[in-house]
Amino acid sequence: MFSYKTSAPEETSSLGKALACRIEHTIKSNDAMPFVAMYGDLGVGKTEFTRGFVSHLSPGSRVKSPTYTIVNEYLKGKIPVYHFDFYRIENPAELDGIGFEDYTERGICIAEWCERLKDSDLPKDIIEVHIARLDDGSRRIKIHGAADFELCVQNT
(Lines give C-alpha, C1' and ligand atoms only; values in the text may rest on other atoms or scores of the structure.)
Protein backbone atom coordinates (compact mmCIF):
# COMPACT_ATOMS: atom_id res chain seq x y z
CA MET A 1 0.00 0.00 0.00
CA PHE A 2 1.18 3.51 -0.74
CA SER A 3 0.14 6.56 1.22
CA TYR A 4 0.11 10.15 -0.03
CA LYS A 5 -0.83 13.45 1.56
CA THR A 6 -2.42 16.20 -0.51
CA SER A 7 -3.00 19.75 0.68
CA ALA A 8 -5.07 21.18 -2.18
CA PRO A 9 -7.65 19.93 -4.70
CA GLU A 10 -5.09 20.33 -7.49
CA GLU A 11 -2.76 17.91 -5.69
CA THR A 12 -5.57 15.36 -5.28
CA SER A 13 -6.38 15.72 -8.99
CA SER A 14 -2.69 15.34 -9.86
CA LEU A 15 -2.51 12.10 -7.88
CA GLY A 16 -5.52 10.76 -9.82
CA LYS A 17 -3.77 11.67 -13.07
CA ALA A 18 -0.59 9.89 -11.94
CA LEU A 19 -2.58 6.73 -11.17
CA ALA A 20 -4.27 6.82 -14.59
CA CYS A 21 -0.89 7.25 -16.30
CA ARG A 22 0.57 4.32 -14.40
CA ILE A 23 -2.43 2.13 -15.15
CA GLU A 24 -2.36 3.03 -18.84
CA HIS A 25 1.29 1.99 -19.09
CA THR A 26 0.66 -1.37 -17.43
CA ILE A 27 -2.32 -2.49 -19.55
CA LYS A 28 -1.55 -5.18 -22.09
CA SER A 29 -3.94 -5.94 -24.92
CA ASN A 30 -5.16 -9.20 -23.38
CA ASP A 31 -5.46 -7.88 -19.81
CA ALA A 32 -8.73 -7.40 -18.00
CA MET A 33 -9.56 -3.73 -17.62
CA PRO A 34 -8.67 -2.24 -14.23
CA PHE A 35 -11.35 -1.30 -11.72
CA VAL A 36 -10.56 1.53 -9.32
CA ALA A 37 -12.73 1.41 -6.20
CA MET A 38 -12.82 4.63 -4.16
CA TYR A 39 -13.75 4.90 -0.50
CA GLY A 40 -14.21 8.01 1.64
CA ASP A 41 -16.67 10.35 3.28
CA LEU A 42 -18.69 13.03 1.54
CA GLY A 43 -16.52 15.90 0.33
CA VAL A 44 -13.10 14.29 0.75
CA GLY A 45 -12.14 14.64 -2.92
CA LYS A 46 -13.25 11.47 -4.72
CA THR A 47 -14.61 13.42 -7.69
CA GLU A 48 -11.53 15.66 -7.72
CA PHE A 49 -9.32 12.56 -7.82
CA THR A 50 -11.47 11.27 -10.69
CA ARG A 51 -11.09 14.58 -12.58
CA GLY A 52 -7.35 14.06 -12.67
CA PHE A 53 -7.73 10.39 -13.55
CA VAL A 54 -10.05 11.13 -16.46
CA SER A 55 -7.99 14.12 -17.65
CA HIS A 56 -5.17 11.74 -18.54
CA LEU A 57 -7.24 9.02 -20.21
CA SER A 58 -9.93 11.16 -21.85
CA PRO A 59 -8.46 14.64 -22.40
CA GLY A 60 -10.99 17.44 -22.67
CA SER A 61 -13.77 15.55 -20.91
CA ARG A 62 -15.81 17.47 -18.34
CA VAL A 63 -16.01 15.39 -15.17
CA LYS A 64 -18.93 15.72 -12.80
CA SER A 65 -20.28 13.37 -10.17
CA PRO A 66 -22.66 10.78 -11.63
CA THR A 67 -24.76 10.71 -8.44
CA TYR A 68 -28.11 10.72 -10.26
CA THR A 69 -27.10 8.90 -13.43
CA ILE A 70 -24.98 6.24 -11.65
CA VAL A 71 -22.44 6.20 -14.50
CA ASN A 72 -20.76 8.78 -16.75
CA GLU A 73 -18.88 7.71 -19.86
CA TYR A 74 -15.68 9.40 -21.03
CA LEU A 75 -14.79 8.30 -24.55
CA LYS A 76 -12.30 10.89 -25.86
CA GLY A 77 -9.21 8.75 -25.34
CA LYS A 78 -7.90 5.41 -26.62
CA ILE A 79 -9.42 3.57 -23.66
CA PRO A 80 -12.99 4.25 -22.49
CA VAL A 81 -13.38 5.37 -18.88
CA TYR A 82 -16.57 4.71 -16.92
CA HIS A 83 -17.14 6.73 -13.74
CA PHE A 84 -19.63 5.22 -11.30
CA ASP A 85 -21.23 6.64 -8.18
CA PHE A 86 -22.76 3.96 -5.94
CA TYR A 87 -24.11 6.38 -3.33
CA ARG A 88 -27.75 5.85 -4.37
CA ILE A 89 -27.44 2.09 -4.94
CA GLU A 90 -29.60 0.33 -2.38
CA ASN A 91 -29.43 -3.17 -3.82
CA PRO A 92 -26.53 -4.59 -5.86
CA ALA A 93 -29.10 -6.06 -8.29
CA GLU A 94 -29.60 -2.47 -9.52
CA LEU A 95 -26.16 -2.74 -11.14
CA ASP A 96 -27.40 -5.53 -13.41
CA GLY A 97 -30.05 -3.16 -14.76
CA ILE A 98 -27.39 -0.75 -16.05
CA GLY A 99 -25.13 -3.44 -17.52
CA PHE A 100 -22.41 -3.01 -14.89
CA GLU A 101 -20.52 -6.15 -15.87
CA ASP A 102 -20.39 -5.03 -19.51
CA TYR A 103 -18.80 -1.74 -18.48
CA THR A 104 -16.10 -3.56 -16.52
CA GLU A 105 -15.13 -5.50 -19.64
CA ARG A 106 -15.17 -2.56 -22.10
CA GLY A 107 -12.95 -0.03 -20.37
CA ILE A 108 -11.38 1.27 -17.20
CA CYS A 109 -13.88 1.80 -14.39
CA ILE A 110 -13.48 4.18 -11.49
CA ALA A 111 -16.19 4.13 -8.84
CA GLU A 112 -17.09 6.34 -5.89
CA TRP A 113 -18.82 5.09 -2.74
CA CYS A 114 -17.68 1.46 -3.04
CA GLU A 115 -18.28 1.02 0.69
CA ARG A 116 -21.99 0.87 -0.20
CA LEU A 117 -21.40 -2.55 -1.81
CA LYS A 118 -19.98 -5.83 -0.57
CA ASP A 119 -16.58 -6.89 -1.85
CA SER A 120 -18.31 -9.75 -3.68
CA ASP A 121 -20.33 -7.21 -5.71
CA LEU A 122 -17.15 -5.66 -7.16
CA PRO A 123 -14.79 -7.18 -9.73
CA LYS A 124 -11.85 -9.19 -8.43
CA ASP A 125 -8.38 -7.67 -8.27
CA ILE A 126 -9.47 -4.08 -7.79
CA ILE A 127 -7.27 -1.09 -7.08
CA GLU A 128 -8.50 0.55 -3.88
CA VAL A 129 -8.23 4.28 -3.23
CA HIS A 130 -9.09 5.37 0.32
CA ILE A 131 -9.36 9.11 0.89
CA ALA A 132 -9.64 10.64 4.36
CA ARG A 133 -9.74 14.24 5.54
CA LEU A 134 -7.08 15.05 8.14
CA ASP A 135 -7.49 17.50 11.03
CA ASP A 136 -5.48 20.18 9.19
CA GLY A 137 -7.80 19.99 6.13
CA SER A 138 -5.36 18.02 4.01
CA ARG A 139 -6.14 14.57 2.63
CA ARG A 140 -4.52 11.18 3.25
CA ILE A 141 -4.87 9.03 0.14
CA LYS A 142 -3.96 5.36 0.35
CA ILE A 143 -3.72 3.30 -2.81
CA HIS A 144 -3.39 -0.46 -2.94
CA GLY A 145 -4.67 -3.48 -4.79
CA ALA A 146 -3.94 -5.72 -7.70
CA ALA A 147 -1.56 -3.19 -9.19
CA ASP A 148 0.35 -2.18 -6.08
CA PHE A 149 2.82 0.34 -7.44
CA GLU A 150 4.35 3.58 -6.42
CA LEU A 151 3.27 6.61 -8.40
CA CYS A 152 5.60 9.25 -9.74
CA VAL A 153 4.72 11.65 -6.92
CA GLN A 154 6.19 12.26 -3.51
CA ASN A 155 5.20 9.42 -1.19
CA THR A 156 4.52 10.60 2.39
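**Entry 1: isoleucine 70**

I looked up isoleucine 70 and found that it is buried, because its relative accessible area of 17% falls under the 20% limit for that class. I note here that I am working with a predicted model. Isoleucine 70 sits in the loop that runs between helix 2 (46-57) and strand 3 (71-74). Its phi is positive, about 75°, although isoleucine 70 is not a glycine. I marked this down because most residues other than glycine have a negative phi.

**Entry 2: tryptophan 113**

I then turned to tryptophan 113, which is likewise not a glycine and has a positive phi of about 65°. I located tryptophan 113 in the loop between strand 5 (108-112) and strand 6 (127-133). Is tryptophan 113 buried or exposed? With a relative accessibility of 12%, tryptophan 113 counts as buried.

**Entry 3: isoleucine 108**

In strand 5 I looked up isoleucine 108, and I wrote it down as buried, since its relative accessibility is 0%. I also checked its distance to valine 81: the two residues are 27 residues apart in sequence, while their C-alpha atoms are 4.9 Å apart in space.

**Entry 4: aromatic rings**

How many aromatic pairs does the structure hold? I found seven aromatic pairs. For phenylalanine 84 and tyrosine 103 I noted ring centres 5.4 Å apart and planes at 85°, so I entered this pair as edge-to-face, given that planes over 60 degrees apart fall in that class. Phenylalanine 84 belongs to strand 4 (residues 81-85) and tyrosine 103 to helix 4, so the pair ties together parts of the chain that are 19 residues apart in sequence. Both phenylalanine 84 and tyrosine 103 are buried. I also recorded that these two residues belong to one aromatic cluster, formed by Phe35, Tyr82, Phe84, Phe86, Phe100 and Tyr103.

**Entry 5: salt bridges**

I looked next for salt bridges, because side chains of opposite charge can pair when their charged atoms come close. The count came to two salt bridges.

One of them joins aspartate 136 and lysine 5, whose closest N and O atoms are 3.3 Å apart. Aspartate 136 is in the loop between strand 6 and strand 7 (139-145), whereas lysine 5 is in strand 1 (residues 2-6), so this pair ties together parts that are 131 residues apart in sequence. I noted aspartate 136 as exposed, at 57% relative accessibility, and lysine 5 as partly exposed, with a relative accessible area of 37%.

Arginine 51 and glutamate 48 also meet in a salt bridge, at 3.1 Å from N to O. Here both residues lie in helix 2, where they are three residues apart, about one turn of the helix. Arginine 51 counts as partly exposed at 34% relative accessibility, and glutamate 48 is partly exposed too, with a relative accessible area of 22%.

**Entry 6: a negative patch**

Last, I looked at the surface, where Asp96, Glu101, Asp102 and Glu105 form a negative patch. Which element gives the largest share of the negative patch? I found that helix 4 (residues 100-106) does, with three residues. Glutamate 101, which is one of the patch residues, is found in helix 4. I entered glutamate 101 as exposed, because its relative accessible area of 55% is over the 50% limit.

How values were computed:
Residues numbered from 1 in each chain as written. Predicted model: local features only at pLDDT ≥ 70, side-chain atom pairs only at ≥ 80, totals over all residues. Heavy atoms only, no water. Patch = residues over 30% accessible without salt bridge, like charges linked within 9 Å, V, L, I, M, F, W, Y side chains within 5 Å. Areas by Shrake-Rupley, 256 points an atom, 1.4 Å probe, with all protein chains shown as cover. Salt bridge = Lys/Arg side-chain N within 4 Å of Asp/Glu carboxyl O. Lys, Arg positive; Asp, Glu negative; His and termini not counted. Charge placed at Lys NZ, Arg CZ, Asp CG, Glu CD. Helix = DSSP H or I, 4+ residues; strand = E, 2+ residues; numbered from the N terminus. Buried < 20%, exposed > 50% of the residue type's maximum accessible area, 1.4 Å probe, protein only. Phe/Tyr/Trp six-rings, centres within 6.5 Å; stacked < 30°, edge-to-face > 60°.
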